[in-house]
Amino acid sequence: MIDIEEMLKSEDDEALKELKTFLFKENIRLQNEKREIDEGMDKLIKERNQFRTEMDMLNHRIVLEKKRLKDDNLFFQKKMEILQDGFRQLDADRRKLEKERSRFSLEKELWEGEQGVPVNMESVSAALFRGVSNPLTLRKRYKDLLKIFHPDNLCGDAELVQMINREYEKRKKAE
């Protein structure tokens with residue numbers, strides 16, 4: 001390194017020129033470094049602002065996603081409550097149906113005679129064909145009754161269908 005104080009004391013023109021050149025070069029180097037630092041600072045500020053903008057966008061997305069998740073969770077809970085209420089209602093309906101079946105079975109046992117045939121089934125089958133006056137309406141009524149009381153149906157009854165068949169045959173022969 002150049003000793004600046006010695007050069008100033010020596011008052012040598014050549015040394016002063018050399019000192020001026022050194023100072024000029026050093027000044028340019030410092031200005032270049034300052035410019036590079038300023039450019040780096042500008043770049044750093046831009047990156048920081050861009051980072052803040054990205055972070056704000058991400059935070060906004062996170063808030064929206066949290067809200068959506070909360071809404072989805074509430075929606076799911078409401079659906080679950082509806083399903084649970086539906087299952088409770090189905091269970092209550094099932095119990096009610098079981099009670100009704102047992103009551104129906106008891107009533108059926110009360111109406112059955114000693115031979116196991118309902119006492120008034122003949123009058124029931126005759127009542128089902130009441131008002132039938134010609135063969136066409138007889139046949140139509142017979143088909144409709146079979147559709148309703150066929151044993152394969154939910155409310156079907158084999159004994160009642162047998163009685164309907166007997167009544168139909170009896171009326172068919174009568175006409």
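How many salt bridges does a search of the whole structure find? In this model, which is predicted rather than experimentally determined, the search finds 11 salt bridges, and several of them, together with two patches on the surface, can serve as a path through the structure.

A good place to begin is helix 2, which covers residues 13–111 and includes Glu14. Glu14 belongs to a patch of negative charge on the surface, where it gathers with Asp12, Asp13 and Glu18. Because its relative accessibility is 54%, Glu14 counts as exposed, the threshold for that class being over 50%.

Among the charged side chains that are paired, Glu26, Arg29 and Glu33 are linked with one another in a network of salt bridges. Another salt bridge brings together the side chains of Arg68 and Glu65, with a distance of 2.9 Å from N to O. Both of these residues lie in helix 2, where they are three residues apart, or about one turn of the helix. Arg68 has a relative accessibility of 39% and therefore counts as partly exposed, and Glu65, for which the value is also 39%, is likewise partly exposed.

Helix 2 holds another pair with this spacing, since Arg94 and Asp91 are three residues apart in it and so are separated by about one helical turn. Arg94 forms a salt bridge with Asp91, and the closest N and O atoms are 2.7 Å apart. Arg94 is partly exposed at 46% relative accessibility, while Asp91 is partly exposed with a relative accessible area of 24%.

The surface also carries a nonpolar patch, formed by Phe76, Met80, Leu83, Phe87 and Leu90, which together have about 540 Å² of accessible area. Leu90, one of these residues, lies in helix 2, and its relative accessible area of 55% is the reason why it is classed as exposed.

The last stop is helix 5, made up of residues 158–174, in which Glu167 lies. With a relative accessible area of 5%, Glu167 is buried, because that class takes in values under 20%. The side chain of Glu167 meets that of Lys170 in a salt bridge of 3.5 Å, N to O, and the two residues, being three residues apart in helix 5, are separated by about one helical turn. Lys170, in contrast to the buried Glu167, is exposed, with a relative accessible area of 51%. Glu167 has a further partner in Arg171, as a polar contact of 2.9 Å joins the side chains of these two residues.

Notes:
Residues numbered from 1 in each chain as written. Predicted model: local features only at pLDDT ≥ 70, side-chain atom pairs only at ≥ 80, totals over all residues. Heavy atoms only, no water. Patch = residues over 30% accessible without salt bridge, like charges linked within 9 Å, V, L, I, M, F, W, Y side chains within 5 Å. Areas by Shrake-Rupley, 256 points an atom, 1.4 Å probe, with all protein chains shown as cover. Salt bridge = Lys/Arg side-chain N within 4 Å of Asp/Glu carboxyl O. Lys, Arg positive; Asp, Glu negative; His and termini not counted. Charge placed at Lys NZ, Arg CZ, Asp CG, Glu CD. Helix = DSSP H or I, 4+ residues; strand = E, 2+ residues; numbered from the N terminus. Buried < 20%, exposed > 50% of the residue type's maximum accessible area, 1.4 Å probe, protein only. Polar contact = N/O pair within 3.5 Å; in protein donor to acceptor, adjacent residues only side chain to side chain.
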